[in-house]
Amino acid sequence: MTEANNPFIYVIEDEEAISNLICMYLEKSDIITSPFYNAEDALKKITNDRKPDLIILDLNLPQMSGFEFLEEIKKIFNKDMPSVMILSARDSDEDIIKGLEIGAEEFITKPFSPKVLVARVMANLRRQNDAVAKAEESIRFDDFSLLTNSCVLKKGNVKIPLSSKEYEVLEYLVKHPGEELSPDVLFKAIWKVEFGDLTAVAVYIQRLRKKIEKDPSNPQYIQTAFGKGYIFNKDKLIK
């Protein structure tokens, strides 16, 4: 798993101790964090950096307030605005309503539990992942989602890097669950030629097993039908 595939979060909080605490707990959950101690630096970075999957935002910031930052990124991203969770000591109904109206999805008041904050972040990321999956055809097996429109495999919220041929082999297998597929059948279907080196099929099966199987030597998804080829375990599919 590469860092580029992990969820990426901006933490905009001017109190360094609180920022460090939030980042530490998030990073324990394999989330990449980018801390900012003021909104201006975050605003400059967000237009040139990888778009964050989520922003944790304090309201009481020096110079530019959290509300002003929200208004600015709303102009930049319009409907494609990153998900925002406000984390603030301000807890009046007016502040909460204003934050949600501008575009924040959640308003969490201080003091807060870091573990609860991480749980809310993970729930938010799952909702985002589910929304993407619903927007296109998705084939699910256990914790994996194969998004066939965008040719992406995810485990939970995290992308599993696949080459184009690895993806094609996996997609063909999951679309023919329970079928015994010989190397010849797979080669013709995926490489689109009548003749070639059939050992390529075994190479790609081995690569896929290393990426999705807990124990590649005892595969639970892509199984071997001895003397016949390969079979995707249909019992693993979630309907």
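What follows is a dialogue on reading a few features of this predicted model.

User: Let's start with the sheets. Which strands make up the parallel one, and in what order?

Analyst: Read a sheet by its strand order, not by the order along the chain. Here the parallel sheet is open, has 5 strands and goes S2-S1-S3-S4-S5. At its edges are S2 (32-36) and S5 (106-109), each of which pairs on one side only. On average, neighbouring strands in this sheet are turned by 20° against each other, ignoring direction.

User: How many bridges join S3 to S4?

Analyst: Strand S3 (residues 54-57) and strand S4 (residues 83-88) run parallel and are joined by 4 bridges. If you want one to click on, take Leu57, whose bridge partner in S4 is Ile86.

User: Which helices pack on that sheet, and what angles do they make?

Analyst: Look at which strands a helix touches, then compare directions. Helix H2 (residues 39-46) touches S1 (8-12), S2 and S3, and makes about 155° with the direction of S1. Helix H3 (residues 66-77) lies across S1, S3 and S4, at about 155° to S3.

User: And the antiparallel sheet: what is its order, and which strands stand at the edges?

Analyst: That open sheet also lists its strands by neighbour: S9-S8-S7-S6-S12, with 5 strands in antiparallel pairing. Strand S9 (158-160) and strand S12 (237-238) each have a single partner strand, so one side of each lacks a neighbour in the sheet. Inside the sheet, S7 (residues 144-147) and S8 (residues 152-155) run antiparallel and share 4 bridges. Leu147 stands opposite Val152 there. Helix H6 (residues 164-174) lies across S6, S7, S8 and S12, and runs at about 105° to S7.

User: What about S10 and S11: how do they pair?

Analyst: S10 (residues 222-225) pairs with S11 in the antiparallel sense, over 4 bridges. Ala225 sits opposite Gly229 in S11. The two strands form a hairpin with 3 residues between them, and Gly227 in that hairpin takes a positive phi near 80°.

User: Now aromatics. How many pairs are there, if ring centres within 6.5 Å count?

Analyst: The count is 9 aromatic pairs. Take Phe8 and Tyr10: their ring centres are 5.7 Å apart and their planes stand at 90°, so the pair is edge-to-face. Both residues are buried.

User: Which pair links distant parts of the chain?

Analyst: For that, check sequence separation as well as ring geometry. Phe141 and Phe232 have ring centres 5.2 Å apart and planes at 80°, so this pair is edge-to-face. Phe141 is in strand S6 (residues 138-141) and Phe232 in strand S11 (residues 229-232), 91 residues apart. Phe141 and Phe232 are both buried. They also belong to one aromatic cluster with Phe144 and Tyr221.

User: Where do charges sit over rings?

Analyst: Follow the charged end and see whether it lies over a ring face. The charged end of Lys28 is over the ring of Tyr25, 5.1 Å from its centre. Arg207 lies over the face of Tyr204, at 4.8 Å from the ring centre.

User: Back to Phe8. What surrounds it?

Analyst: Phe8 is in strand S1, and its relative accessible area is 6%, so Phe8 counts as buried. Beyond its close sequence neighbours, its contacts include Ile32, Asp49, Pro52 and Leu54.

User: How many disulfides does the structure hold?

Analyst: A disulfide is a covalent bond between the sulfur atoms of two cysteines. In this model there are 0 disulfides. As for individual cysteines, Cys23 is buried at 7% relative accessibility, while Cys151 is partly exposed at 46%.

User: Last one, the backbone. Which residues have a positive phi although they are not glycine?

Analyst: Two to look at are Asp142, with phi of about 50°, and Lys192, with phi of about 60°. Asp142 is in the loop between S6 and S7 and is partly exposed, at 30% relative accessible area. Lys192 is in the loop between helix H7 (183-191) and helix H8 (199-212), and is exposed at 66%. For omega, go to Lys110 and Pro111: a cis peptide bond joins them, with omega about -5°. Pro111 is in the loop between S5 and helix H5 (114-135).

Notes
Residues numbered from 1 in each chain as written. Predicted model: local features only at pLDDT ≥ 70, side-chain atom pairs only at ≥ 80, totals over all residues. Heavy atoms only, no water. Phe/Tyr/Trp six-rings, centres within 6.5 Å; stacked < 30°, edge-to-face > 60°. Buried < 20%, exposed > 50% of the residue type's maximum accessible area, 1.4 Å probe, protein only. Lys NZ or Arg CZ within 6 Å of the ring centre and 35° of its normal. Pairing = 2+ DSSP bridges. Contact = heavy atoms within 4.5 Å. Axes fitted to C-alpha atoms, helices over the stretch in contact; angles between N-to-C directions. Disulfide = S-S within 2.5 Å. Lists of a residue's contacts leave out its neighbours within four places in sequence.
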